[in-house]
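Please walk me through this protein model. Begin with one residue, then move out to the sheet and the cores.

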Amino acid sequence: MSGKVKSRSVANADSITGAVSCDERILRDCHQLYTDPDSGLISVAESVDVKLLPPRKKITVMLMGNHSAGKSSFINWYVEEHIQRTGVAIETQGFNFVTSGRKRESLTGNATLHLYPHFRPLQEFKGVSEYLSTEICTSRQKRFSLVTFVDSPGLVDGDMKYPFDVDEVIMWLGDLCDLVLVFFDPMGQALCKRTLNIVERMNEKQGDRLRFYLSKADEAGGESDRQRVMMQIVQELCKRPGLNKCGFDMPTIYIPNPNKPSRCVNQIEEVCRAIEKTINQTVQNTLNSLEKDCEVISEAITDKLSNDRQTSAMNRRARCKSCLLTLLGFTVPLALMALLVLGVLSQELLEVALGHEGTETLSLYLTPVVKAFDSLSVEQQLYGCGAMVLLSFLLLIIARFSFRTQPTLSGKQKRQLHEKLEYVQEVVKTKKKKLYEDYLRQSVSDHDMGL
């Protein structure tokens, strides 16, 4: 026990000094690239009507199984602190989140939903909010700094009443969790129908996230007893079409106890490796999503600028057509007015105003119009003038309403979009490339990376 206390103290001291793993730093930096209030990708995406969700900084691992299957005990062993209550009785009656933080703290339902906003839809399930809690501890053992455990209620058959629809809540959480650990207890409850039914339903959608373990394997008796229990569980699982698949694996695990040695093979490190693999996959998926989101934002900004250029060109054509129709609309009444004025003026005044040649040229063009107009009766002349005035109004109305311009971006807005595009292309993508290189350096050398 003293060794555990010492190692835990060293780990907590590292957390205080700010030491973080490479994977933790990568997920934290990716999250910061999305959520920065000034230049985060979420705010940049909103400016071009694109919605993005920030990546989570930790993976979520849900533990499920019958009551007293060792779910809470495994969490305590993983974090090397006594966080969850354990026992033969149904200790976990709700959903308990266990995560790492700066200080030891316990949160209730509302505080839990504030801490995990992506779990807020749980409020839609009647009665669940009162049975949500979060335990925050300072442990940094194993990869706990990158993991949030969800300890689900122990499942039993019969007349057991839950204060909420436990089956549907577990199914909903299975959609959000990155890994689901299913613990089968060999002490009589491994074949719990409720557990098997939920597992079968979950396997249809999240089969790649499910991992099966025979927990408390050291309490199953001798090797022959353990084999018999495992055969019974496998047979029951294989009766269900969705779970009858090739390569089915169910390692035997138990919490090691120096005071109670056991000859049973303990594969509990397989659980740690499954969590480690999920973390690595999450880091890769986060970096890949960052690159895809950058492409989506860049394409949206480019499309917006291109659409603005097309709109500006359409507006110019609309203005030209509007000006032409407006000019025609005013030309008709001006021509009528000119005819009236010229008809009133005498020949001498026209020659004084336009000169002899100007008067002859004007007479040459207007004489046919005047003769045609004089050939009409007075009533026809009135109708003709009215029609021309009506045509003038019609042309002005068409010019006013048929060629309206569309709003375009201002010069400042276009500069901002170009700056955002440059930021995404030059800054964010460069940062993503560096983060990917840091991640790969954990496994391969610079020579293998071609650097």
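In which helix is Glu 24 found? Glu 24 sits in helix α2. The model is a predicted one.

Is Glu 24 buried or exposed? Its relative accessibility is 16%. Buried means under 20%, so Glu 24 counts as buried. The side chain of Glu 24 has a polar partner: it makes a polar contact with the side chain of Arg 140 at 2.7 Å. Setting aside neighbours within four places in sequence, Glu 24 is in contact with Arg 140, Ser 145 and Leu 146.

Now step back to the whole chain. The protein chain has 451 residues, and buried residues make up 41% of them. It holds 13 helices and seven strands. Take the contacts with a separation of 6 or more: residues 24 or more positions apart account for 78% of these. The chain exposes about 25,800 Å². Carbon and sulfur atoms supply 56% of that area.

Next comes the sheet. Seven strands form it, and it is open. The order is β3-β4-β2-β5-β1-β6-β7, with mixed pairing. Which strands stand at the edges? They are β3 (105–107) and β7 (210–214). Each has a single partner strand, so one side of each is left without a neighbour in the sheet. Neighbouring strands are turned by 20° against each other on average, direction ignored.

Look closer at β4. Strand β2 (residues 95–100) and strand β4 (residues 132–137) run parallel and are joined by six bridges. Within β4, Thr 134 is the bridge partner of Phe 97, and Ile 136 stands opposite Thr 99. β3 also pairs with β4, here in the antiparallel sense and over three bridges. Glu 105 stands opposite Ile 136 in β4. Ile 136 therefore appears in two pairings, with Thr 99 and with Glu 105.

Why is β4 largely enclosed by the rest of the structure? Six of its six residues are buried, so the strand is largely enclosed. Its side chains alternate in direction. Leu 132, Thr 134 and Ile 136 point one way. Ser 133, Glu 135 and Cys 137 point the other way. All of them are buried.

A helix covers part of the sheet. α4 lies across β1, β2, β5 and β6. It runs at about 160° to β5.

That leads to the cores. In soluble globular proteins, nonpolar side chains tend to be buried together. Here the largest nonpolar core has 57 residues. Leu 41, Phe 74, Tyr 78, Phe 149, Leu 181 and Ile 275 touch the most other members. Which elements each supply at least two residues of this core? They are α2 (22–35), α3 (41–46), β1 (59–65), α4 (71–79), β5 (147–151), β6 (179–184), α9 (268–344) and α12 (411–441). The largest share, 14 residues, comes from α9.

Phe 74 shows how the core is joined. Not counting residues up to four places away in sequence, Phe 74 touches Leu 63, Phe 149, Leu 181, Phe 183, Ile 255, Ile 268, Val 271 and Ile 275. Apart from this core lies another, of 37 residues. Its members include Leu 132, Val 199, Leu 210 and Leu 214. Leu 132 is also one of the buried residues of β4.

Technical notes
Residues numbered from 1 in each chain as written. Predicted model: local features only at pLDDT ≥ 70, side-chain atom pairs only at ≥ 80, totals over all residues. Heavy atoms only, no water. Core = buried A, V, L, I, M, F, W, Y, C linked by side-chain atoms within 4.5 Å. Buried < 20%, exposed > 50% of the residue type's maximum accessible area, 1.4 Å probe, protein only. Helix = DSSP H or I, 4+ residues; strand = E, 2+ residues; numbered from the N terminus. Contact = heavy atoms within 4.5 Å. Pairing = 2+ DSSP bridges. Axes fitted to C-alpha atoms, helices over the stretch in contact; angles between N-to-C directions. Areas by Shrake-Rupley, 256 points an atom, 1.4 Å probe, with all protein chains shown as cover. Polar contact = N/O pair within 3.5 Å; in protein donor to acceptor, adjacent residues only side chain to side chain.
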